Amino acid sequence: INKVDQLLFSGSIEEHNACCPSPEYAAAHQDFVNNRAALDTYLIASLSGTGRLTRTNLDQSNIFTGDAIAAALALGNLDLLIYELEWLKALLRSHQLPIELIPFYMGAYGEAVRKILPQSTWIISDWILEKKFINSIEVV
């Protein structure tokens, strides 16, 4: 908390070591933001007929996931998504929805990134596969 106070009241955040994404993350962020609408459209088309997500849930999932990925890329660390996924598990539970939707959706998201977005963004699908969100979610 003291560090946050220092940042807020020092008058200049530039004086402190701010997070700077690597060139790889900066390129991925730019390409992700520029092509996000095409990705969302592809996900809606490919997942709408599955019966697992309503159109409203799919739209909300695309917004939530896209915003979280854009922020993590801008900050240079996709591992920040883990916190968002923990929050998402709690949200699904509160709406009595199965958390198994997370690996289903994230798997589809990773595949869509590979099909629709430039190669610079493939670090997103690599991260999804590495974290094995498409294979297992801790159900607690």
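A residue counts as buried when its relative accessible area is under 20%, as exposed when that area is over 50%, and as partly exposed in between (1.4 Å probe, protein chains only). With that in hand, Q96 is an exposed residue, because its relative accessible area is 71%.

## What you're looking at

This is a predicted model, where local features need pLDDT of at least 70, side-chain atom pairs count only at pLDDT 80 or more, and totals for chains, interfaces and linings use all residues. Residues are numbered from 1 along each chain as its sequence is written, and side-chain values use heavy atoms, with hydrogens and water left out.

## The overall picture

The protein chain has 6 helices and 0 strands, so read from the N terminus, the order is simply α-α-α-α-α-α; helices (H or I, at least four residues) and strands (E, at least two) are DSSP runs, numbered from the N terminus. Of its 140 residues, 34% count as buried.

Take the contacts (heavy atoms within 4.5 Å) in the protein chain with a separation of 6 or more: residues 24 or more positions apart account for 69% of them. On the outside, the chain exposes about 8400 Å², with carbon and sulfur atoms supplying 57% of that area. Accessible areas come from the Shrake-Rupley method with a 1.4 Å probe, and for residues only the protein chains shown count as cover.

## α2 against α5

Two packed helices are described by the angle between their axes and the distance between the axes. Here the axes are lines fitted to C-alpha atoms, for helices over the stretch in contact, and angles run from 0 to 180 degrees between N-to-C directions. Helix α2 (residues 23-47) and helix α5 (residues 101-116) have axes that come within 10 Å and cross at roughly 125°. That makes α2 oblique to α5 (under 35 degrees is roughly parallel, over 145 roughly antiparallel, 65 to 115 roughly perpendicular, and the rest oblique).

The crossing of α2 and α5 is right-handed, meaning the near helix is turned clockwise from the far one by less than a right angle; anticlockwise would be left-handed. On the α2 side you'll find F32, A38, L39, Y42, L43 and L47, which meet F104, Y105, A108, Y109, A112, V113, K115 and I116 of α5. By class, this contact has 13 nonpolar residues, no polar ones and 1 charged. For these classes, Ala, Val, Leu, Ile, Met, Phe, Trp, Tyr, Cys and Pro count as nonpolar, Asp, Glu, Lys and Arg as charged, and the others, Gly among them, as polar.

## α3 against α5, and F64

Helix α3 (residues 55-75) also packs on α5, at an angle of about 65° with the axes 12 Å apart. This crossing is right-handed too. L58, S61, N62, T65, G66 and I69 of α3 make the contact with Y105, M106 and Y109 of α5. The split is 5 nonpolar, 4 polar and no charged residues.

F64 sits in α3. Leaving out residues up to four places away in sequence, F64 touches E84, W87 and L88. F64 and E84 are 20 residues apart along the chain, with 8.9 Å between their C-alpha atoms.

## Two residues to click on

Back to Q96: you'll find this residue in the loop between α4 (81-94) and α5. Q96 has a positive phi of about 55° although it is not a glycine.

Is S125, in helix α6 (residues 122-130), buried or exposed? S125 counts as buried, because its relative accessibility is 2%. Apart from residues up to four places away in sequence, S125 touches G110, V113 and R114. S125 and V113 are 12 residues apart in sequence and 6.4 Å apart in space, C-alpha to C-alpha.
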